[in-house]
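Visitor: I have a new structure open and don't know my way around it yet. Can you walk me through it?
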Protein chains: 2
Amino acid sequence: MAPRTAQAGDDDASGMPTEPTQARRFGKARTAQAHALLEDYAELIADLIATGGEARPTDIARRLGVSHATAIKTIARLKREGLATARPYRGVFLTEAGEALAQRMKARHRIVVDLLLRVGVPAEAAEQDAEGIEHHVSDATLAAFAAFLAAKP
Amino acid sequence: MAPRTAQAGDDDASGMPTEPTQARRFGKARTAQAHALLEDYAELIADLIATGGEARPTDIARRLGVSHATAIKTIARLKREGLATARPYRGVFLTEAGEALAQRMKARHRIVVDLLLRVGVPAEAAEQDAEGIEHHVSDATLAAFAAFLAAKP
DNA sequence: TCTAAAGTGTAGCCTGTGCTACAAATCCAT
DNA sequence: ATGGATTTGTAGCACAGGCTACACTTTAGA
């Protein structure tokens, strides 16, 4: 095994992460958070289209518990980011990128909920907490969750 | 002109939460997120004071990876919320409420990291993801995590 | 000591995400 | 077919949380 110098993830003797490491972690958490809302919208729009044939701003707003104005403003951001399209008064649609994001989030959500249930979290808390947790689960962590679930069925 | 198909609110049997339930979940996730930054600051300030005797805005900023101006602005918010006090050019201190919050977050962080490690998440990913996840772990979920860790040592 | 570097604080700007209020478009029932 | 209800869209506000730029205080070294 090659000797290793300090690198990402190293904590010092007191258990505290090194300064640049911690800064990077917080930065990534901020980035994850910045995308959380778009992920929620994409997933919800996909669900609405799948179950009802269309996704209307008012439906989206009701589901998310925000005003329709807020929903419309965020839909505009989805469009700017290339995740959705919308024709005035005719509903919202996902682009390929938006659809892919929605499917990723849907799978992620299910795995997170299943993992929480598996370790003994009550169902209601699992659903609630997964809503916030899923946006912070990296691919590595998701893979570990999936492996854990597969290993102990 | 597409005929109107299903109306809003027609939640089906396909496993989707009812509309008010989902709205409440999203709302709680938003609330949790709104407190996340204050929690991070409180925990970090407690760590800095514990290990270095004082918490300076510039140190806080470096640790979090933001500009010192941003840190100072957030410290002002901590003061408004009754979590911290500060004397100009003399560092930041936690109130009792702030100290209690910091200790809660510290314990929460450790349990989340341990849980992630226990289910097989790589150490680096566990530390990174815990930074975002910990703010969305409810008391019920935290208790379940602790029980899981205690049950299978 | 006294000046330069470092740290601290303030001001002003941007974006994101929420809101209410109002205007325009669409839908539906009479 | 048309008018009222609903939906959609727009405008404007607030606040959080980023930033840079600049001014002031403290600290430390020559």
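Guide: This is a predicted model. One place to begin is the meeting of the copies: 88% of the interface residues of chain B are also interface residues in chain A, so the copies meet through the same surface.

Visitor: How many residues of chain B are in contact with chain A?
Guide: On the chain B side there are 49 residues, in contact with 50 residues of chain A.

Visitor: Which helices of chain B supply at least two residues of that side?
Guide: Helix 1, helix 2, helix 4 (96-118), helix 5 (123-133) and helix 6 (139-151) of chain B each do. Helix 1 of chain B gives the most, with 14 residues.

Visitor: And by class, what is on that side of chain B?
Guide: The side of chain B that touches chain A has 22 nonpolar, 13 polar and 14 charged residues.

Visitor: What turn lays chain B on chain A?
Guide: A turn of 180°, with a shift of 0.0 Å along the axis, lays chain B on chain A with an RMSD of 0.1 Å. The two copies are therefore related as by a two-fold rotation axis.

Visitor: Which C-alpha in chain B is nearest the axis?
Guide: That of B:I133, which lies 2.5 Å from the axis.

Visitor: Let's go to one chain. How many helices and strands are in chain A?
Guide: Chain A has 6 helices and 2 strands. Along the sequence the pattern reads α-α-α-β-β-α-α-α.

Visitor: How much of chain A is buried?
Guide: Of the 153 residues in chain A, 36% are buried.

Visitor: What about contacts between residues far along the sequence?
Guide: Take the contacts in chain A between residues at least 6 apart in sequence: 45% of them join residues at least 24 apart.

Visitor: Which residues touch the most other members of the largest nonpolar core?
Guide: A:V112 and B:V112 do, in a core of 27 residues. Helix 4 (96-118), helix 5 (123-133) and helix 6 (139-151) of chain A each supply at least two residues of this core, and so do helix 4, helix 5 and helix 6 of chain B.

Visitor: What is B:V112 in contact with, leaving aside neighbours within four places in sequence?
Guide: B:V112 is in contact with B:A130, B:I133, B:E134, B:V137 and B:F145. B:I133 came up before, as the residue of chain B whose C-alpha is nearest the axis.

Visitor: Which residues does the second core include?
Guide: A:Y41, A:I60, A:L78 and A:A84 are among the 21 residues of that second, separate core.

Visitor: Now the DNA. Which residues come nearest to strand D?
Guide: A:R56, A:T58, A:A69, B:S67 and B:A69, out of 21 residues around DNA strand D. The elements giving two or more residues to this surface are helix 2 (57-64) and helix 3 (68-80) of chain A, with helix 1 (19-52) and helix 3 (68-80) of chain B. Helix 3 of chain B has the largest share, 5 residues.

Visitor: And strand C, which residues are closest there?
Guide: DNA strand C is surrounded by 22 residues, and the closest are A:S67, A:A69, B:R56, B:T58 and B:A69. Here the largest share, 5 residues, comes from helix 3 of chain A.

Visitor: How do the residues near each strand divide by class?
Guide: Near DNA strand D there are 12 nonpolar, 5 polar and 4 charged residues. Near DNA strand C there are 12 nonpolar, 5 polar and 5 charged.

Conventions
Residues numbered from 1 in each chain as written. Chains lettered and ligands numbered in written order. Predicted model: local features only at pLDDT ≥ 70, side-chain atom pairs only at ≥ 80, totals over all residues. Near = placed C-beta within 6 Å. Helix = DSSP H or I, 4+ residues; strand = E, 2+ residues; numbered from the N terminus. Nonpolar A, V, L, I, M, F, W, Y, C, P; charged D, E, K, R; others polar. Contact = placed C-beta atoms within 7 Å. Least-squares fit on C-alpha atoms with pLDDT ≥ 70 in both. Core = buried A, V, L, I, M, F, W, Y, C linked by C-beta atoms within 7 Å. Buried ≥ 20, exposed ≤ 12 C-beta atoms within 10 Å, placed from the backbone.
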